[in-house]
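Reader: Could you walk me through this one before I set anything up with it?

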Amino acid sequence: MTGWRPALARSVVLRHDRVRHADLLVLPERVVVLNGQAADVLRLCDGRRQVGEIVDELTTRFPGAPVADEVPTFLDRVREEGWLR
Amino acid sequence: MTTAPAPPWALLAELTHACPLHCPYCSNPLELVRRSRELSTEEWTDILRQAGELGVVHTHLSGGEPLLRPDLAAIVTAAESAGIYTQLVTSGVGLSAPRLSTLVSAGLRSVQLSVQHADPAASERIAGHRSFAAKERAAAQVRDVGLPLGLNVVLHRDNLDAIDAIVDLGVAWGAERIELANVQFYGWALRNRTALLPTRDQLARAQETVERRREQLAGEVELVWVVPDYFDGVPKPCMGGWGAVSLTVAPDGGVLPCPASAELLGPEVPNIRDRSLKWIWNSSPAFNRYRGTDWMSGPCGDCPRRETDFGGCRCQAYALTGDAARTDPACALSPDHGLVRALAEAPATSPPAADSPSADAAPYVYRRPERHHTDVTRGVMR
C-alpha cells in the first residue's frame with residue numbers, strides 16, 4: 001500500500017448522473033451507483049495523490065468523520081474489485 | 001400508468017443487420033433490415049443525444065457487424081459527447097489496428113468479441129464464414145491498445161462440450177470476462193432448434209466445468225453463465241423486466257423493449273423517425289404493454305416470483321403459444337410447460353459424442369437476408 005497512488009482502472013468511468021442525481025461508476029458490463037461519500041473518495045483517486053494524501057484531504061474536508069479508519073479499507077476493497085489500479 | 005417509468009440504463013444499438021457471419025442462432029430478427037433502410041450518422045447522433053438526456057449511461061454498439069458502418073467512429077463520438085459509455089460488440093472481422101486506434105480516439109471504452117468455438121474449423125462451420133484468424137487478430141489488437149476485452153459465446157449442442165477449451169482460449173487471448181450464454185430460442189435459433197438443443201447430460205457436464213474453471217480463475221477472469229431456461233423449469237428475468245432497464249434501436253429506427261420483440265409487436269413497433277425516444281420509452285403502447293405486473297395472467301398473477309422474473313420472456317411466450325401475455329412456457333408453473341419439457345427431455349436427434357466437435361450434426365439454416373420476391377418488387381418500384 002505504501003506509495004500507492006490510486007487511479008481508476010482504464011475501463012472505469014466515474015460520472016455524475018444528472019437524471020438520477022447520483023454518482024456512478026460505469027464499467028464494461030455494469031453500472032455501480034455510489035453513495036455520496038464513496039464518490040468523494042474516488043474523485044481524489046487521480047493517480048497523483050498517495051493514500052495518505054487522500055486521507056488528509058478528506059479529514060480536512062470532513063472533520064470528525066472516521067476517514068483514517070475507513071478510507072484505506074474502502075480503497076483496498078475497490079482495488080480488489082478491479083476498479084482501481 | 002400515471003407516473004413516468006424509471007429511466008433506461010442501457011441502449012443496444014443495432015447499427016446494421018449486415019454481417020459477414022451467418023450464425024444459426026443470431027439474435028437479429030428473421031426479417032433483416034436492408035442497408036438502404038439504415039439510420040444515418042445524423043440520426044444515430046441525435047438518438048444518442050436523446051438517450052443521454054433520458055438517462056442512458058451505457059451503449060452496446062452492435063449489429064450485425066458494426067464495423068461494416070464506415071461512420072462507426074462518428075457514432076462512438078456521439079455517444080461519448082452524450083456521456084454514454086461505449087462497448088463495441090463485434091465478430092472481429094474487419095477490425096484493424098488503425099481502425100481500432102480511430103475508435104479509441106473517438107472514445108471507445110471496451111470491446112466484446114464473439115467466439116463460436118475454440119477449434120478453428122468448428123468455429124467457422126458454426127459461423128458459416130472463415131473468421132477464426134480475424135478473431136484472434138482482433139483480440140490481440142484490443143489487448144495491445146489496453147481496452148478491456150470480453151468474449152461472448154452462445155452455447156448449444158455443438159460447443160457445450162468444448163467449454164474447457166473455450167475458457168483456455170479466452171485466457172490465452174487476454175479476456176477479462178467470458179460470457180457463456182446458453183442459446184435462447186426465438187427467431188433464427190428457434191428455426192434451428194433441432195440442431196442447437198443440447199442434452200441434459202451435456203448441460204450438466206458444462207455447468208460442472210464452468211464451476212471448476214470459475215474457482216480456478218477467480219480474481220483473474222470473470223465467467224458468466226447464462227442459464228438454459230428450457231431445462232431448469234425457472235424462467236429467466238428477461239431484460240430485467242419489459243421496458244424496465246434497457247432498450248434496443250434496430251438499424252431502421254425501430255425501438256424495441258428487447259432485440260427479439262419485433263415479431264410479437266409487429267406494426268406496433270415505435271420508430272425514432274416518427275417519435276422522440278422519451279415518448280417511446282415513457283408513453284408508447286409497445287413499451288407499456290408488459291410493464292409492471294398488471295398485464296399478468298394465469299399462475300403469474302399471484303406468484304411470489306412475479307417481481308423477480310417478471311413472468312419470464314414475452315418473446316418466448318409468443319413464439320411458443322402465440323400469446324405474449326401468457327406465462328413463459330419455460331416456467332414449471334406454466335400450463336404450457338409441457339411444450340418445453342418434452343423438448344428438454346427428448347432432443348429430436350441423438351447427442352454428439354462428448355469429445356467431438358460433431359461434424360455430423362444436423363445442418364443449420366444459416367442466418368442470411370432473404371432474397372424473396374418482395375425485394376425484387378421493391379427494387380423495381382424504386
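Below, we go through confidence, then the sheets, then the helix packing.

Author: Heads-up on conventions: this is a predicted model, where local features need pLDDT of at least 70, side-chain atom pairs count only at pLDDT 80 or more, and totals for chains, interfaces and linings use all residues. Residues are numbered from 1 along each chain as its sequence is written, while chains are lettered from A and ligands numbered from 1 in the order in which they are written.

Reader: What ipTM does the predictor give the complex?
Author: Two scores come with the complex. The pTM is 0.91, and the ipTM is 0.90.

Reader: Which stretch of chain B has pLDDT below 50 and 0 contacts beyond near neighbours in sequence?
Author: Chain B averages a pLDDT (the predictor's confidence in each residue, from 0 to 100) of 91, with 92% of the residues at 70 or above. Residues 351–359 of chain B stay under 50, yet the model has 14 contacts for them beyond four places in sequence (a contact means C-beta atoms, placed from the backbone, within 7 Å). Where pLDDT is low, the coordinates shouldn't be read in detail. The stretch below 50 with 0 such contacts is residues 372–382 of chain B.

Reader: And in chain A, which element has the lowest mean pLDDT?
Author: Chain A has a mean pLDDT of 93, and 98% of its residues reach 70 or more. Elements here are DSSP runs numbered from the N terminus: helices are H or I with at least four residues, strands are E with at least two. Among those of chain A, strand 2 has the highest mean at 96, and the lowest, 92, belongs to helix 1 (residues 36–43).

Reader: How many residues of chain A are in contact with chain B?
Author: On the chain B side, the residues touching chain A split into 5 nonpolar, 7 polar and 2 charged (Ala, Val, Leu, Ile, Met, Phe, Trp, Tyr, Cys and Pro count as nonpolar, Asp, Glu, Lys and Arg as charged, and the others, Gly among them, as polar). Those 14 residues of chain B meet chain A residues numbering 12.

Reader: Which strands stand at the edges of the chain A sheet?
Author: It's an open antiparallel sheet of 3 strands in the order 1-2-3 (strands pair if DSSP finds at least two bridges between them). Strand 1 pairs with strand 2 (residues 22–26) over 5 bridges, and A:Asp17 sits opposite A:Ala22. Each edge strand has a single partner, so one side of it is left without a neighbour in the sheet; the edges are strand 1 (13–17) and strand 3 (31–34).

Reader: In chain B, which residue of strand 7 is the bridge partner of B:Glu179?
Author: The open sheet of 9 strands in chain B has mixed pairing and the order 7-6-5-4-3-2-1-8-9. Strand 5 (residues 149–155) runs parallel to strand 6 (residues 177–182) over 6 bridges, with B:Asn152 opposite B:Glu179. Strand 6 also pairs in parallel with strand 7 (residues 222–226) over 5 bridges. There, the partner of B:Glu179 is B:Val224.

Reader: At roughly what angle do helix 6 and helix 9 of chain B cross?
Author: B:Ile163, B:Asp164 and B:Val167 of helix 6 (residues 163–173) meet residues of helix 9 (residues 200–216) including B:Ala206 and B:Arg213. The residues of this contact divide into 4 nonpolar, 1 polar and 2 charged. Axes are lines fitted to C-alpha atoms, for helices over the stretch in contact, and angles run from 0 to 180 degrees between N-to-C directions. The two axes come within 9 Å and cross at roughly 35°.

Terms used: Contact = placed C-beta atoms within 7 Å.
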